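Got your viewer open? Let's take a walk through this model, one selection after another.

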Amino acid sequence: VDFEGFKKAIDTVGGVGLNAPEEVYENMWLEGQNYTLNVQPGYQEFDGFRALAYSRSRYTSSRGDFSRSERQRLILVA
């Protein structure tokens, strides 16, 4: 699944809800635009674009790419 397919799958089912284990705040360049991702700990609802940003963020996570891999798994099983 590419990034477009990832977003479309999540949007098709009306979004995805997950329990974020830690804060993730990051300014990123995503799909041709500057985007600020601000996720606080706790239950959150994500549309496809926000879920993609959350799954791709890595710089402000406590464990870098390990945290990113865990977030990707959270989204895929939600």
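Start with the whole chain: the secondary structure of this predicted protein comes to three helices and four strands. Here helices (H or I, at least four residues) and strands (E, at least two) are DSSP runs, numbered from the N terminus. Follow the sequence along and you'll meet the pattern α-β-β-β-β-α-α.

A bit of housekeeping before you click further. Residues are numbered from 1 along each chain as its sequence is written, and side-chain values use heavy atoms, with hydrogens and water left out. Because this is a predicted model, local features need pLDDT of at least 70 and side-chain atom pairs count only at pLDDT 80 or more, while totals for chains, interfaces and linings use all residues.

Next, color by pLDDT, the predictor's confidence in each residue, from 0 to 100. The protein averages 82, and 74% of the residues score at least 70. Where is confidence lowest, and where is it highest? Select helix α3 (residues 65-77) for the low end, with a mean of 59, then strand β3 (residues 33-39) for the high end, at 94. Where pLDDT is low, the predicted coordinates should not be read in detail.

Now pick helix α1 (residues 3-12) together with helix α2 (residues 48-56). They pack at an angle of about 130°, their axes 8 Å apart. Axes are lines fitted to C-alpha atoms, for helices over the stretch in contact, and angles run from 0 to 180 degrees between N-to-C directions. So α1 and α2 are oblique to each other (under 35 degrees counts as roughly parallel, over 145 as roughly antiparallel, 65 to 115 as roughly perpendicular, and the rest as oblique).

Show the side chains here: F3, F6, K7, I10 and D11 of α1 meet G48, F49, A51, L52, S55 and R56 of α2. Contact means heavy atoms within 4.5 Å.

Jump to E31, in the loop between β2 (24-30) and β3. Its phi is near 55°, a positive value in a residue other than glycine. Is E31 buried or exposed? E31 is partly exposed, with a relative accessible area of 40%. For these words, buried means under 20% relative accessible area, exposed over 50%, and partly exposed in between (1.4 Å probe, protein chains only).

Then select R58, in the loop between α2 and α3. R58 is also partly exposed, at 30%. Try a distance from R58 to M28: they sit 30 residues apart along the chain, with 10.0 Å between their C-alpha atoms.

Finally, zoom out: of the 78 residues, 40% count as buried.
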